[in-house]
Amino acid sequence: MATKTIAPSAPPSAPPSAPRTNARDRAERRLAFRMTAPSLILMALVAAVPIGYAIWLSLNQYSVRTAGLSRFVGLDNYIAALTSQEWWAAFGQTFTFAAFSVTLELILGTAMALLLNLAFKGRAVLRTVVLLPYAIITVVSAITWQTMFQPNLGLVTNVLSTLGLPGGDVVWLGEHGYAMAVIVMADVWKTTPFAALIILAGLQVISAETYEAAELDGASKWQTFLHITLPLLRPAIVLAAIFRTMDALRVFDLPFVLTRGANGTESMSMLAYTQLRENRLVGEGSALSILTFLTVMVVSVIYIRFGGGNIRDVAKEEQ
Amino acid sequence: MDLNRPALPLQNKAARNKAALAASAIAVALLLSACGGGAAPQGAEQAAAADPASGANASGAVNICGVKDASGIYKGTAEAFTKANGKVTAKYTEIGATTDEARTQIVQRLEGKSTECDIFLSDVIWTSEFASQGWLLDQTELVEANKDRLIPSTVETTKYQDKYWASPFFTNAGLIYYQKDKVAKPETWQQLYTEAAKAQGNGFVYQGKQYEGLTVNFLEMLYSAGGEVLDDQGNVKIDSKETRDVLDFMSKGLKDGSADRAVLTYNEDPARLAYESGKFGYQRNWPHVYRLLNATPLADSFGVAPLPAWEGGKASGVLGGWNLAISAHSTNQAGAVAFIDFATTPDWQKHVAMDYSQAPVNEAAYSDPAVLEKMPFATELLASVKGAKPRPISPVYPQISQAIYKNVYAVLSGTDSTEDAVKKMADEITTAKASF
């Protein structure tokens, strides 16, 4: 296995020479495999068995009228889902949510990381404090946001109408677009600190010498940010983007509490939940879960393909 | 993931792929962890029956399971029963913080044939679903033996395929709270809406969020207008003039200012809080709000009325409340029968009202002087309860309710026309009823 690392700051690792294929090497490799086998098997059991079981469930229908009655239906549950308007609506809405929330989180997260990277008194304390929103249970923060946007009583609506700004008389959670905006805001508020922390770690491994060299060359602050900081930060930003996108595509609790999926906010996970839990349609619900899983996986692969390519380029340039 | 070391570089591509895969797998596993497991084929037909006479000789322990005991009524009843009975000891086990959570917990126990609980506290809308799965003891004989002391409409909520599967414990029905200083007591819905549109502070608040509560709010009006969802044979009857009239009426109310558009985001609590702000004239809510309103500055100015009638129709409503269902896997069925016998006695039903502000299932309790002192609106509440009907009784009720509240919401929020919504509602209910 190659051990080349991709972070710009990492020391050059094992020489990339072609692997020697002598007998001792092979024996060592076998030993390594044997020693890791138990944990590999355990991981396969933990990950593969539930997925396999879910796939099996999704190929069957389970009666809601007679307990214990089921029948094999092949891909019918998938066909039903993929030809339904509900699935594609949820699909589009989930991606809209993910696009807006992840973009905002990365921009704000980068800004926050730059601030936290400055040397000032109380920096350590502040770094912990900014994580607070992330530590609050999502359902609790969702209820708080719901209260803030409540017409007549909510903080946000009251402030807006007192200042005569637009939006004060809008029933935010009762309108298309506005409802999605509240959900995006709640998510950005909660998870920006997480993105910031990942990016901050990336920021800290950029060596001070690079900045000194830029300063000597007479680069302005903006030029330094654009040509030094941002390119070197790219791996950390991509990593944050992958984590956040995967999370965002599985969003459930925010729309569940804030709107129950009304006004164009139903997500793929909510759809699966309704079928599985509320309606006890185990086969249909499992098919929806598998479709959600496949969607998330495809997006992750795309990220790694394209985002990953960039990471490699950066690493190569460094060397 | 480890927050303290978030920038650990991902290793090579294969490892990154694996990480992504594993993360996605966990996501799915989490989603799916709830499902699975099926009971052996056993329907309502093969269910065993509870013997009403067995309660007299019962002994041992009885465990009652259900939602968090907010008012103290479940634990209180178990304690009082244990004291009164002498031979059987009852205890109450909370198995869910919310109604939805409790349902999930109950279904898991029933599917797994757990013997932990002898009695399940069943929301009136779950009873037919549980019965159809063969999870409950047939209580027909027990209910027949107690029938003369139970309000008929509450007994109907326990009926599935001509048998009774639970005994009603306490009931619930919607009420109208109104500001006596601003608006008149409503006799009809039309009068309420007209009055509510007259002035800024007269508005009507109800539960219009996209959820079960909207089904209830809509059906209350539909029933009073003479409409129905399913007829006695279970045929879909929602595609009717009455449904269209009610939908048009509700959506017009949102446009002309009778009801604030904010109701589209309200469930029970936000509706109550909005009303408590003093900016509204009418509120539709449950009886528990009475006690809460009495603790606000509105205490002296609000009145309580039963749900109004539809113009030219009658007053009706939708029954809420909780039933006591005996698990088919209970190991102390005689003890369970003894508990149910106690909980439904006229004497204990008075305590249900006096001590816990819940609506009794025994009619005499409503006119008891001691009850009236604690619950001055008992007469209005009884009127609402007696006029109310159960929600559609079907093992696929959750799907039927979704078909109702999603389409009603689409009309109210203006994203769908009445005509299209009614057609969709009927189609979706027909599809739900044809579920395998």
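Two strands are taken to pair if DSSP finds at least two bridges between them. On this basis, the predicted model contains in chain B an open sheet of five strands in the order 2-1-3-12-6, with mixed pairing. Strand 2 (88-96) and strand 6 (167-172) of chain B form the edges of this sheet; each has a single partner strand, so one side of each lacks a neighbour in the sheet. Direction ignored, neighbouring strands of the sheet are turned by 20° against each other on average.

Both pairing senses occur in this five-stranded sheet, as its mixed pairing indicates. Strand 1 and strand 2 of chain B run parallel and are joined by eight bridges, with Gly66(B) having Glu94(B) in strand 2 as its bridge partner. The two strands also belong to a right-handed β-α-β unit, in which helix 2 (residues 73-85) of chain B is the helical element. At the other edge, strand 6 of chain B pairs with strand 12 (residues 320-326) of chain B in the antiparallel sense over five bridges. There, Phe170(B) has Trp322(B) in strand 12 of chain B as its bridge partner. Helix 12 (residues 333-343) of chain B lies across strand 1 (60-67), strand 2, strand 3 (119-123), strand 6 and strand 12 of chain B. Helix 12 of chain B runs at about 150° to strand 12 of chain B.

Chain B also holds an open sheet of four strands, again with mixed pairing, in the order 8-9-7-10. The edge strands are strand 8 (204-205) and strand 10 (302-306) of chain B, each pairing on one side only. Strand 8 of chain B pairs with strand 9 (residues 282-285) of chain B in the parallel sense over two bridges, and Phe204(B) stands opposite Tyr282(B) in strand 9 of chain B.

Two helices of chain B lie across strands of the four-stranded sheet. Helix 10 (residues 268-276) of chain B lies across strand 7 (175-179), strand 8, strand 9 and strand 10 of chain B, and runs at about 155° to strand 9 of chain B. Helix 15 (residues 378-387) of chain B lies across strand 7 and strand 10 of chain B, at about 30° to strand 10 of chain B.

In chain A, helix 1 (residues 23-58) bends by about 45° at Ala37(A), and the proline Pro38(A) follows within four residues. Ala37(A) is itself buried; the other buried residues of helix 1 of chain A are Ile51(A), Ala54(A), Leu57(A) and Ser58(A).

Note on methods
Residues are numbered from 1 along each chain as its sequence is written. Chains are lettered from A and ligands numbered from 1 in the order in which they are written. This is a predicted model: local features need pLDDT of at least 70, side-chain atom pairs count only at pLDDT 80 or more; totals for chains, interfaces and linings use all residues. Side-chain values use heavy atoms; hydrogens and water are left out. The bend at a residue is the angle between axes fitted to the seven residues ending there and the seven starting there. Buried means under 20% relative accessible area, exposed over 50%, partly exposed in between (1.4 Å probe, protein chains only). Contact means heavy atoms within 4.5 Å. Axes are lines fitted to C-alpha atoms, for helices over the stretch in contact, and angles run from 0 to 180 degrees between N-to-C directions. A crossover is right-handed if, with the strands pointing away from the viewer, the path from the first strand over the helix to the second runs clockwise.
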